[in-house]
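Open the model in your viewer and keep the selection panel at hand. The tour goes stop by stop.

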Amino acid sequence: MKSLVREKDEISEKSAPRRLHIVTFGCQMNEYDSQRMAQMLMGRYCLTPFPEEADLIIVNTCSIREKAEHKLYSLLGRLKGLKKRNPALKIGVAGCVAQQLGEMLFVKAPYVDFVMGPQGLYDIVNIVKGLDEGGERLVRVDLDNDFDIPHVEAPLPKKGEVRAFVTIMQGCDNFCTYCIVPFVRGREISRPSEDILREIGSLVDQGVRDITLLGQNVNSYGKKSPKGVDFPGLLKEIDSAFPDIRLRFTTSHPKDLSNELIECFGRLETLCEHLHLPVQSGSDKILKRMNRRYSRAQYLQKVEKLRSVCPDITITTDLIVGFPGETEEDFRQTMSLLEEVRFDQAFAFKYSERPGTAAARFQEKVPEDVKSRRLTELLKIQNRIGLEQYRRFENRICEVLVESFRDSGITARTRGNHVVNMEGAGGLVGQLINVYIERACHHSLIGRIVH
Ligand code: SAH
Ligand code: SF4
Ligand code: F3S
């Protein structure tokens with residue numbers, strides 16, 4: 001959970017007398033959407049980190065797993081108290097749970113003033129204006145399959161930040177059987193490449209050096225508009241327009257990872273040696289039931305190709321344990337895949353049933369205690385492998401980009417996305433420096449600056 005705060009000195013009291021507090025759950029796309037909302041409301045509101053002093057609170061929600069949804073309900077309980085003390089407070093629920101539940105949210109929380117799905121965010125100014133003028137509470141959850149992502153002119157607020165995210169597409173057409181995203185984010189829609197380049201340009205002008213392109217399945221960027229550029233084409237355009245940045249993207253679906261895209265890792269200077277490639281399971285039977293449309297062997301082949309083009313590439317993944325029908329043998333297949341691929345990092349989740357998805361109707365549900373045991377076992381193995389992988393950098397010199405400074409230490413990132421901590425001065429933030437890696441820890445490296 002993160003709150004968005006804008007620095008006080010940027011706020012004009014006269015033009016923005018009222019206060020907005022935003023709480024964000026879920027993925028980086030939600031973070032990005034929250035920034036957009038804050039930006040669009042900037043003329044009317046200034047941001048506050050304190051919910052108790054806000055005139056408007058927006059909760060941007062996630063429904064990927066049941067746990068994420070529960071976070072919203074416990075937060076709403078607390079917000080109810082605030083509204084009691086300050087009846088003028090307006091509360092809005094945005095994002096994926098809003099899309100999923102729509103009007104039902106008013107039944108759970110009658111003190112909410114508006115419910116708005118992810119596509120509604122570009123209308124946030126009108127929604128808030130309507131409420132300010134005494135309008136009724138409202139719901140905005142239509143999903144338009146031909147929705148055009150509007151271009152928002154003003155640059156995103158990114159003061160002093162070295163890293164930024166740029167959403168290049170929204171929605172998903174893949175319908176993996178466990179996943180709620182296609183239902184709450186609608187069909188896949190790509191942003192025009194001119195808008196993306198313009199946005200990157202304005203971020204670069206503000207000092208951003210490390211850009212991550214976002215989408216649920218970036219590899220299918222542009223596929224629906226054959227006249228425009230495809231994903232490798234977009235990467236090439238960005239690479240030649242901004243030769244001094246570090247470029248990354250997430251997430252890639254393995255089935256759409258083309259040879260052309262793999263070759264970009266060897267060819268494009270800006271493209272960092274880092275790929276998040278969710279595998280979900282090592283068992284062909286489970287992959288099939290998940291509707292992932294690749295086999296274990298095909299996944300391994302892609303990994304091999306990636307490593308032949310770019311030997312040092314960092315590969316990270318997502319995994320689900322306890323999917324309906326997952327036997328002990330299927331789980332062993334996932335464990336052996338971890339040993340075979342040797343990911344730098346893996347994000348593993350217990351399968352969580354989502355209403356309306358195909359898997360919710362599947363038989364052979366795996367009991368909760370079995371899921372927990374498998375998750376623990378998996379994390380134990382992956383922690384060992386991850387640390388061993390990180391050790392390959394010990395006693396090597398790496399070029400890192402310094403991202404932040406705190407308590408006489410600096411935090412930087414390698415091109416392969418490894419976080420490096422070391423002694424250093426705040427003036428180095430935003431600079432590329434060479435660092436000698438002394439030691440690997442779990443999920444980070446410790447280094448010293450090479451002069
Ligand atoms: N579009 C991305 C993933 C987005 S969701 C992709 O296809 O790779 C991020 C991760 O959440 C998924 O990779 C998956 O591992 C996990 N996830 C999604 N739905 C889930 C569910 N119902 N239960 C448990 N984990 C889930
Ligand atoms: Fe969900 Fe699959 Fe789409 Fe990823 S590709 S968002 S896991 S449906
Ligand atoms: Fe969650 Fe929606 Fe992102 S369900 S993971 S916030 S797309």
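The stops below cover two ligand sites and one helix in this predicted model.

**Stop 1: ligand 1.** Select ligand 1 and its shell. The shell holds 15 residues. Gln-216, Pro-278, Gln-280, Asp-318 and Ser-352 are the closest. By class, six shell residues are nonpolar, four polar and five charged.

Now show the polar contacts. Asp-318 places a polar side-chain atom 2.7 Å from an oxygen atom of ligand 1. Arg-65 does so at 3.1 Å, again with a polar side-chain atom and a ligand oxygen. For Tyr-178, look at the backbone: an N or O atom there lies 3.0 Å from a nitrogen atom of ligand 1. Switch to a surface view. Ligand 1 taken alone exposes 550 Å², and the protein buries 90% of that. Then colour strand E14 (314–321) and strand E15 (345–350), the elements that each give two or more residues to this shell.

**Stop 2: ligand 3.** Keep Gln-216 selected; Gln-216 also belongs to the residues around ligand 3. Add Cys-27, Asn-30, Thr-61, Cys-62, Ser-63, Ile-64, Cys-96 and Arg-185. This shell has four nonpolar residues, four polar and one charged.

**Stop 3: helix H1.** Select residues 28–40. Is this helix largely enclosed or open? Eleven of its 13 residues are buried, so H1 is largely enclosed by the rest of the structure. Among the buried ones are Asp-33, Arg-36 and Asn-30. Finish with a distance check between the end C-alpha atoms. They are 18 Å apart, which agrees with the 18 Å expected for 13 residues at 1.5 Å a residue.

Conventions
Residues are numbered from 1 along each chain as its sequence is written. Chains are lettered from A and ligands numbered from 1 in the order in which they are written. This is a predicted model: local features need pLDDT of at least 70, side-chain atom pairs count only at pLDDT 80 or more; totals for chains, interfaces and linings use all residues. Side-chain values use heavy atoms; hydrogens and water are left out. A residue is near a molecule or strand if one of its heavy atoms lies within 4 Å of it. A polar contact is a pair of N or O atoms within 3.5 Å; within protein, one must be able to donate a hydrogen and the other to accept it, and residues adjacent in sequence count only if both atoms are side-chain atoms. Accessible areas come from the Shrake-Rupley method with a 1.4 Å probe; for residues, only the protein chains shown count as cover. Helices (H or I, at least four residues) and strands (E, at least two) are DSSP runs, numbered from the N terminus. Ala, Val, Leu, Ile, Met, Phe, Trp, Tyr, Cys and Pro count as nonpolar, Asp, Glu, Lys and Arg as charged, and the others, Gly among them, as polar. The expected span of a helix is 1.5 Å times one less than its number of residues. Buried means under 20% relative accessible area, exposed over 50%, partly exposed in between (1.4 Å probe, protein chains only).
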